[in-house]
Amino acid sequence: MPTETSLTDTSVDLASGVTSRRAFLRTASFTAAGAAALAACGKNASASPEHGTAATATTATVKPVETPASIRASADAMDAMHEKGIKSFPAKTAGVGNQLMTPRIEKGVKVFDLTASEIQWEVSPGQMVAAMAYNGQVPGPQIRVREGDRVRINLKNELKQSTAIHMHGVELPNDQDGVPFITQPPVKPGESYTYEFTAPVGNSGSHMYHSHHNAATQVGLGLLGAFIIEPKEPRAIEKVDHDYVLILNDGMHGFTINGKGFPATQPFTAKLGEKVRIRYMNEGMMIHPMHLHGMHMTVIDKDGWAQPQPWKCDTLNIAPGERWDVIVNCNNPGTWAFHCHILGHAESDHGMFGMVTALVVAK
Amino acid sequence: MPTETSLTDTSVDLASGVTSRRAFLRTASFTAAGAAALAACGKNASASPEHGTAATATTATVKPVETPASIRASADAMDAMHEKGIKSFPAKTAGVGNQLMTPRIEKGVKVFDLTASEIQWEVSPGQMVAAMAYNGQVPGPQIRVREGDRVRINLKNELKQSTAIHMHGVELPNDQDGVPFITQPPVKPGESYTYEFTAPVGNSGSHMYHSHHNAATQVGLGLLGAFIIEPKEPRAIEKVDHDYVLILNDGMHGFTINGKGFPATQPFTAKLGEKVRIRYMNEGMMIHPMHLHGMHMTVIDKDGWAQPQPWKCDTLNIAPGERWDVIVNCNNPGTWAFHCHILGHAESDHGMFGMVTALVVAK
Amino acid sequence: MPTETSLTDTSVDLASGVTSRRAFLRTASFTAAGAAALAACGKNASASPEHGTAATATTATVKPVETPASIRASADAMDAMHEKGIKSFPAKTAGVGNQLMTPRIEKGVKVFDLTASEIQWEVSPGQMVAAMAYNGQVPGPQIRVREGDRVRINLKNELKQSTAIHMHGVELPNDQDGVPFITQPPVKPGESYTYEFTAPVGNSGSHMYHSHHNAATQVGLGLLGAFIIEPKEPRAIEKVDHDYVLILNDGMHGFTINGKGFPATQPFTAKLGEKVRIRYMNEGMMIHPMHLHGMHMTVIDKDGWAQPQPWKCDTLNIAPGERWDVIVNCNNPGTWAFHCHILGHAESDHGMFGMVTALVVAK
């Protein structure tokens, strides 16, 4: 903890148009979680190719005296970075995850073919990361079935390591649970494996599928997706105009919503008066308290199970492995910031990044 | 993970009256979060002026044989540090945050003038930190209005960077939401900006105001405060003898409650039989599971919204951006420890620090 | 964040049958805590070929060409480590914590003698760690009393530092609260101290006892245990076939359940159709969202207090200091993985470790 530190050098650095590593690290020290620091480290380094020499120059020379003009220039420089990020939202990147998958029907069975492979994934504009993906998507394709459906999942492993799929939250017969050496052998590179089961009646809601082998790595790199079981008889509160999935992750790809970091995240949209359902799913290793501006959220389900009574909030803490479903009555028009409230997962002095998106309510 | 480590050298170091950095770092490695380690490091260094030379001496020389007397001396040395901290509670420091602000009334509008500036803040006795503050306070002045009140907030920016105020949890028209480049331009150094709105009816409860620009830094440094909307018709359960706000933070200032670390934290007081309301607000980047000794808490509100039914606990997990309101029926007399149960946020081998206070129930 | 990194060298390392420290550290970088950030920063640097001379030297050796055979060998090498861990479960280690303690009865008082001392504890096979323990157990012996019982706890301190016991969650007279310098003097090395109180009627449920002196260290090292107050009149939902305690910790001993890391953790067992109660207690410094495969959990109590209505989930987030009681209706036969869903607390590329166990439902 600092004693008698000064905030001055940050602004001077900014005035000179240089992001000094020292200033940066000070900011980074605010972040609660290691990966936050990481995300920012990578970001910083890649954002300032001229970093090394310029920073040296800054520390080597005497600091200029601050004037109103230099302070304003410093503020303008910082603001320009913030503005640039926001104005580019939603930024185009290659690849879209969480796309709804249409199954083949074979003798009444809904068949989903999933191929796991290593890919390069554009997590935010220009930032390519090594990923593991189902069908080339991070998150993998969104699977939706109905209670009582017969479901078959053909997994093809094109990774360089073994894998397996666990249907997280779905109460299956033990031999379909997807845990190598407990319920099945690992699926070796080049091999295939088939899961087949009936989506359990009474177990509808927001679930997930993901690797359960070397999973800290494989899920961190992208082997995950939404597995949604629709109820035969939806409750009145479930009748919505839009049904959105927000999968949170915080591994090697930084802080992401549906596989992308701001400004490449997808905005969520609705018309004034519409009802939106949001299905939060945390596939990361940290909590993410998601905060929606402008309107509250009504929590209806936890892990696919109805809460005894709906309850309201504006910030909902999603822990790893959890799913929470909420309803938003879109009664307040405008573009509303919507982000993780661990601020180090959402903003640095370079502007917003990571777990930031918007809910746009059109008049 | 260690194999076959020994606890011995800690006690020997303590016996010699020296806190070795090595022993200390081992302890620090328990802490879950990086900042905890940091906070403790700083504390440690400043607490032991004799640290440098003595530590060198310790590692240079052969360790003395332990005897019952040396062990006792070691324990006494540690205990003396613990006792000193507790006996100094509540310790005087310059500056008090979260002071209730009386608005000016202009033609029926409640007007609050907030000036953001850079200050030095005494977070615990003798520990001055660089801060950003509203009206020279960390947290900023407590704002209380009533449902339906017309409210004006005049923000004057005397910082060296741009800023803006977001009313977290208050459902305002979009242009009052306080997010630069989305709902308004940033407020530049030296400039002013006015927010004006009606406190929404039906949206009463515990909310917050804070910077939403470079916020990981600005909120971490102190640009935050309580924004409480009182209901027109309070519920029976809300009729209390004391209404306390506990704002938690964990940025550059270490682990704080209402801007201060133990022993400079404010004790909360009540008489036997009285009812106390506690409004927890987390403005930090980590969870803080707050634990009250001696009496349970009855949770009534989440983010200002009534829970469907009150429920009881003694440890309440507050995530960043969340507010939780609880009632304590003070039926057990005494001075009760009241602290974050992430123990690394509350105690080191030097004694209690950070997120520790007391609820004092007087007979 | 890496740009254009390759996943190849992991498999090459594994193909050579060697567990490289570098590969391991890379995995470790997924973990949520601060040290992870450091490790990962290093990783990023080493991944960029132009980085420095040392890195150049490393990459100067030519990588062997990957072939289907080399990839398979690599996968087999990794899988063998995973299989070995699982096949050894439950692995034998010296020492069992959380053993139910039978009190002596003295004139109607239930008397528990607890001796705190420093021991070596086998946390997983072959891994000895320095610990502080009550009666040589980590966690300490399980204490169970009934509402209204008169209870005496004789603490003998054989540690090299002072200590004290706090009954976490039990609403006692202030002088029995166990906080040195607030409610009692510290208990010095070699000394003894006696607590005596009536288990409060109306305060039944899952509580804990632990050190409240230098507690970040002492609790991290093992001075903790379950303190359960049985109700005079159990609710129908509490009538179960098995009543299991799961104490979570994450200090110097790594990630543990009841003092052991996988594969030395205890499996929990039931017969098909039986009802199991699980009492989660978090004595660590991090959250642990516990995920049960195959069956959901019905949450009944928080910190010993009944929730207004039971509610269902499959992943339950346990924060430090919290206790949560759940019921599992064992209607799905098989061996079910049961683990913390912060995957870095449960699995590395070397296999499962830490906070992993199983619920075995026998036909």
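This text walks you through one chain of a predicted model and then through the contact between two of its chains.

First, some ground rules. Residues are numbered from 1 along each chain as its sequence is written, and chains are lettered from A in the order in which they are written. Local features need pLDDT of at least 70, side-chain atom pairs count only at pLDDT 80 or more, totals for chains, interfaces and linings use all residues, and side-chain values use heavy atoms, leaving out hydrogens and water.

Let's start with chain A. Chain A has 6 helices and 22 strands (DSSP runs: H or I of at least four residues for helices, E of at least two for strands). Of its 363 residues, 67% are buried, meaning under 20% relative accessible area with a 1.4 Å probe, protein chains only.

Now turn to where chain B meets chain C. Here 56 residues of chain B and 60 residues of chain C take part in the contact (heavy atoms within 4.5 Å). About 4800 Å² is buried between chain B and chain C, with carbon and sulfur atoms giving 60%; this is the accessible area (1.4 Å probe) that two parts lose on being put together, summed over both.

What is the count of salt bridges between chain B and chain C? There are 5, each a side-chain nitrogen of Lys or Arg within 4 Å of a carboxyl oxygen of Asp or Glu. One of them joins Lys188(C) to Asp79(B), with the closest N and O atoms 2.7 Å apart. On the side of chain B that touches chain C, α5(B) gives the largest share, 11 residues.

Note on methods. Buried < 20%, exposed > 50% of the residue type's maximum accessible area, 1.4 Å probe, protein only.
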